[in-house]
Amino acid sequence: MRLLFCGDIVGRGAREAVASAVPRLRRELALDFVVANGENAAHGFGITEANCAELYAGGIDVITTGNHVWDRREIMAYIGGDPRLLRPLNLPRGAPGAGFGIYPLADGRTVMVVNAMARLYMDAIDDPFAALDELLGEHPLGTVAAILVDFHGEASSEKAAMGYFCDGRVSAVLGTHCHVPTADHRVLPKGTAYMTDVGMCGDYESVIGMAKAPAIARFVTKLPGERLEVASGEATLCGAVIETDDATGLAVAIWPLRLGGKLDPALPRPPFAATRR
Ligand SMILES: [Fe+2]
Ligand SMILES: [Fe+2]
């Protein structure tokens, strides 16, 4: 199975870049399933029902989120009725929506997508390792054809730990939240594809997606200052493509994907000569 995962979509420009590129990528890369993190889709903060509809129409199958999930409060009333929009699995009991879903492909294979959130330098929430362990006990690989985990977190150490904690039990552990792609994409020893952060979909001529001057002023003055605005230059679509073995559900390969905007492009192209196990 071939999966594309796109990192945090920041604002309208990134939504439009994703919606224009993904249908073509689905064809050219023969993608079976596409997941994107949408926690910053609504002008950098949160996501709305309209944003979800726009991303689904643009070829996204499932949307994950993170610490910004409730920034647009109206999404709390919406998320329970949309199983394709996930919030972090390890939020306190009673949070609306779900932290994972099991989705059928047209050919009958199923994909489980999990959205978990880290704790180091983040809000104190429930233990993501215990939450993953319990979930994978209930839905191990084999009961589903592939499992993709979006691990939303700040610290590379915690994300690496989650990668190895899940190694051999899921198809991929892919990091989000830092909005900058890392160069450590690889298949771990027991067959889980891993990348500490896949980067954002957004304008990189910015401070992690936000216009530079107000973001710099916050650091320089330590005052709240003016409201952060999404940077309006051309977005780079950042993500990773994973190929799994249908017999095991484990990863065969992972390739970084960067398209458009300021970053050097990276695109898996057949015969896909990147990291192979
Ligand atoms: Fe984000
Ligand atoms: Fe985040």
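Four donors around a metal count as tetrahedral if all angles lie between 85 and 135 degrees, and as square planar if opposite donors are over 155 degrees apart and all others between 65 and 115; anything else is irregular. The four donor atoms of the iron ion (ligand 1) make angles of 87 to 167°, and this site is irregular. The model is predicted. The chain has 277 residues, and the iron ion (ligand 1) lies 3.5 Å from a second iron ion (ligand 2).

**The chain as a whole**

- The secondary structure consists of six helices and 11 strands.
- The chain is as compact as a globular protein of its length, because its radius of gyration of 17 Å is close to the 19 Å that the globule rule gives for 277 residues.
- Along the principal axes, the C-alpha atoms fill a box of roughly 55 × 45 × 35 Å.
- Of the 277 residues, 55% are buried.
- Among contacts with a separation of 6 or more, 63% are between residues 24 or more positions apart.
- The accessible surface is about 11,500 Å², and carbon and sulfur atoms account for 55% of that surface.

**The iron ion (ligand 1)**

- Four residues of the protein supply donors to this ion: Asp-8 through OD, Glu-39 through OE, Asn-40 through OD1 and His-179 through NE2.
- These donors lie 2.0 to 2.2 Å from the ion.
- Written as a sequence pattern, the spacing of the donor residues is D-x30-E-N-x138-H.
- Glu-39 has a relative accessible area of 1%, so Glu-39 is buried.
- Asn-40 is also a buried donor residue, with a relative accessibility of 2%.

**The iron ion (ligand 2)**

- The donors of this ion are Glu-39 (OE), Asn-67 (OD1), His-152 (NE2) and His-177 (ND1), at 2.1 to 2.2 Å.
- The arrangement is irregular because the four donor atoms subtend angles of 87 to 146°. That range goes beyond the tetrahedral limits of 85 and 135 degrees.
- Asn-67 lies in the loop between E3 and H3, and His-177 lies in the loop between strand E7 (172-176) and strand E8 (186-187), so this pair ties together parts that are 110 residues apart in sequence.
- The donor residues follow the spacing E-x27-N-x84-H-x24-H.
- Asn-67 is partly exposed, at 33% relative accessibility, whereas His-177 is buried, at 13% relative accessible area.

**How the two sites are linked**

- Which residue coordinates both iron ions? Glu-39 does, and the two ions are 3.5 Å apart.

**Helix H2 and its surroundings**

- Helix H2 spans residues 49-57, and its buried residues are Asn-51, Cys-52, Leu-55 and Tyr-56.
- These four are on the same side of H2, because they cover an arc of only 135° around the axis.
- Ala-50 and Ala-57 are exposed, and they sit on the face of H2 turned away from its buried side.
- What do the buried residues of H2 pack against? They pack against helix H1 (11-28), strand E3 (62-64) and helix H3 (75-78).
- E3 and H3 are also the elements on either side of the loop that holds Asn-67, a donor of the iron ion (ligand 2).
- After H2 comes Gly-59, which has a positive phi near 100°.

Conventions: Residues numbered from 1 in each chain as written. Chains lettered and ligands numbered in written order. Predicted model: local features only at pLDDT ≥ 70, side-chain atom pairs only at ≥ 80, totals over all residues. Heavy atoms only, no water. Donors = N, O, S within 2.8 Å, 3.2 Å for Na, K, Ca; no water. Tetrahedral: all angles 85-135°; square planar, octahedral: opposite > 155°, others 65-115°. Buried < 20%, exposed > 50% of the residue type's maximum accessible area, 1.4 Å probe, protein only. Helix = DSSP H or I, 4+ residues; strand = E, 2+ residues; numbered from the N terminus. Arc of directions from axis to C-beta. Contact = heavy atoms within 4.5 Å. Rg over C-alpha atoms; globule rule 2.2 N^0.38 Å. Areas by Shrake-Rupley, 256 points an atom, 1.4 Å probe, with all protein chains shown as cover.
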